Amino acid sequence: MRKIFLTFILICSLFLVTSCSKKEVRVIRIYNCVDYIDEDVLDEFVTWFADRHDGEEIDYIYDTFETPESMYNTLRTGKTTYDLCCPSDYMIQKMIREDRVDKFDRSKLDIYNEYCSPYIMNLFDEQKVTVNGVEVCWSDYAACYMWGTLGLIYNPEMLAEQLDLADYDVTSWNDLNRPEFKNMVSLKDSVRDSYCVGAVLAYQDELKALDNTDPAYNALITDVINRADDASIELVSNELRKLKGNIYGLEVDSGKGDIVTGKIAMNLAWSGDAVYSIDLAEEEDIELRYNVPQEGGNVWFDGWIMPKGADKELAEEFVNFLSQPEIAAKNMEYIGYTSSIVGEDIFTLIDEWYGRAGNELYVEECEEALANATTEKEKEEAQEALDEAIDYRDNVAEYETFDLSYFFGDSVDDATIEIDTSYIDRQFTTQYPDEETLNRCGVFSDFDFKEVGRNEKVLEMWINVKANKASLALIISLCAFVLLAVGFYLYTKRSYFARKRRLKNSKTK
């Protein structure tokens, strides 16, 4: 009996020793849009966190979603919890307003505070949301990740051919409705983005009454693209129905490839996707351009938020980690979108992509390729490429100076940059629009921000537009036409038989 008791004590002791020696590893759960991070940096974060926190081990779970709406629905079920999510601006506002997110301790976001663009910081401070009767700003609840504009990417050669012109620049949303471009245009199968286009078209006369360089224009365009009263929804519905009659179709992701293959010649696009398409088209010697039409549009933001109950320390440290310029540059290269982070690493990356430094770097790469060539054919090809690179650098390339101080602030010594003009109206200005362009771009709000229930109304309208559901007036007109047709048929049929009876009676007589 005594042996059994001692054995029991020994087993319990071993269990306690094992339990005490096994330290629980914290796990950060991250929920992000598909293809929206270089996943190699996730492992780097684990190492970086350990270096910052006395060797503490952590792990991560990384999941993805297709749209902010699907992300929201997943979180609302409560079946899955996350420490960080990355929705778009209007969804950020919605979740703040519904009190579904925790506040950041802004004093803990030391790296984000240092390197987030002053332009972005100011905008996030300016955006207000009312939570439980108290007005708060976005920057207390969200940290910006990527940003850009909504505009039109187009193939100028294809459009010019339709108009029998040498060249054509898209400057207005009305170009979407031009009959010459019928079935050459695609819109986003996204209620929020397509609603923006419909709203600008519906209120274009009001917008044209004010100069789009006037600082007051920004407030006006912001108001217009967020109007969701019954009258505005009906006006937007009418504009979207007109557009649907002229476009090739609606898409979510296929448009960025269709514009390259020539299936379409114009596409409603987010700036990051536009850069992807322009780069891809270059490989096929196809020129594409991108523009925010003169009437204006949307400047959008995707940002990190902490759903209620998040591990705030891990979440805030992950935001800090991503805010290091070298990590932000790595993500920019992988995604193709524009980071909200500034600093020398980002500025250097832009210069290498689009500036004078890029042309110098290409010459150096060609020289290295020539030095490493082994066969005569390789040497010949490398020499030809080098000659072309030198000729372009010295004789062909033209440059225009841009001042990016509005975005980079004092994070670099000199924010002016010489850009190869071949990237203007294309990759460079798509990623870094000038202040005049941004003045005519408003920020999206959640449609319920003024009156709860507006989201459902807008969604119902969008479903009807996509389903080609006819308006009440059209239905009444069609019914009237059918009744008239039936009446005419019955009348003529009655007259036919009446004539036959008269003919038969006359023969009988």
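1. The largest cavity is lined by Y112, C144, Y145, W304, V319, L322, S323, A328, S339, S340 and I341. A cavity here is a set of points, on a 1 Å grid over the protein atoms alone, where a 1.4 Å probe fits but cannot get out; lining residues have an atom within 4 Å of a point. Two or more of the lining residues come from each of β7 (143–154) and α14 (312–322). Helices (H or I, at least four residues) and strands (E, at least two) are DSSP runs, numbered from the N terminus.

2. A word on the model. It is predicted: local features need pLDDT of at least 70, side-chain atom pairs count only at pLDDT 80 or more, and totals for chains, interfaces and linings use all residues. Residues are numbered from 1 along each chain as its sequence is written, and side-chain values use heavy atoms, with hydrogens and water left out.

3. How much space does the largest cavity hold? Its volume is about 50 Å³. A volume is the space filled by probe spheres set on the points, and grid points are joined across faces, edges and corners. The lining of the largest cavity has 8 nonpolar, 3 polar and no charged residues. Ala, Val, Leu, Ile, Met, Phe, Trp, Tyr, Cys and Pro count as nonpolar, Asp, Glu, Lys and Arg as charged, and the others, Gly among them, as polar. Across the whole structure, the search finds 3 cavities of 30 Å³ or more.

4. The second largest cavity has about 40 Å³ of space. Its lining is L187, L240, K244, I247, L250, W462 and V465. Helices α11 (230–244) and α22 (454–466) each supply at least two of these residues. By class, 6 are nonpolar, none polar and 1 charged.

5. Helix α14 also packs against α2 (residues 40–52). The two axes come within 10 Å and cross at roughly 110°. Axes are lines fitted to C-alpha atoms, for helices over the stretch in contact, and angles run from 0 to 180 degrees between N-to-C directions. So α2 is roughly perpendicular to α14. That label covers 65 to 115 degrees; under 35 counts as roughly parallel, over 145 as roughly antiparallel, and the rest as oblique. The crossing is right-handed. A crossing is right-handed if the near helix is turned clockwise from the far one by less than a right angle, and left-handed if anticlockwise.

6. Which residues make the contact between α2 and α14? From α2 they are V41, L42, E44, F45, W48, F49 and R52; from α14 they are L314, E317, F318, N320, F321 and L322. Contact means heavy atoms within 4.5 Å. This contact has 9 nonpolar, 1 polar and 3 charged residues. Note L322: this residue of α14 touches α2 and also lines the largest cavity.

7. Helices α8 (residues 191–202) and α10 (residues 216–225) cross at roughly 115°, their axes coming within 8 Å. Here, too, the crossing is right-handed. R192, Y195, C196, A199 and V200 of α8 meet I221, V224 and I225 of α10. The classes are 7 nonpolar, no polar and 1 charged.

8. Helices α17 (residues 356–372) and α18 (residues 376–396) pack at about 160°, with axes 9 Å apart. That makes α17 roughly antiparallel to α18. Their crossing is left-handed. On α17 the contact uses N359, E360, Y362, V363, C366, E367, A369 and L370; on α18 it uses K379, A382, Q383, A385, L386, A389, I390, Y392 and R393. The split is 11 nonpolar, 2 polar and 4 charged.

9. Now the pockets. A pocket is an open set of points with protein on both sides within 12 Å along at least five of seven lines. The largest has a volume of about 1,400 Å³. It is lined by 48 residues, and E66, T67, P68, E69 and Y90 are the closest to its centre. Among the elements that each supply at least two lining residues are α3 (68–77), α4 (89–97), α8 and β12 (297–304). Helix α22 gives the most, with 6 residues. The lining divides into 23 nonpolar, 7 polar and 18 charged residues.

10. The second largest pocket has a volume of about 440 Å³. Of its 21 lining residues, L123, Q127, N218, T222 and V443 lie nearest the centre. Two or more come from each of α6 (118–126), α10 and α21 (435–439). Which element gives the most to this lining? Helix α10 does, with 4 residues. By class, the lining has 10 nonpolar, 7 polar and 4 charged residues.
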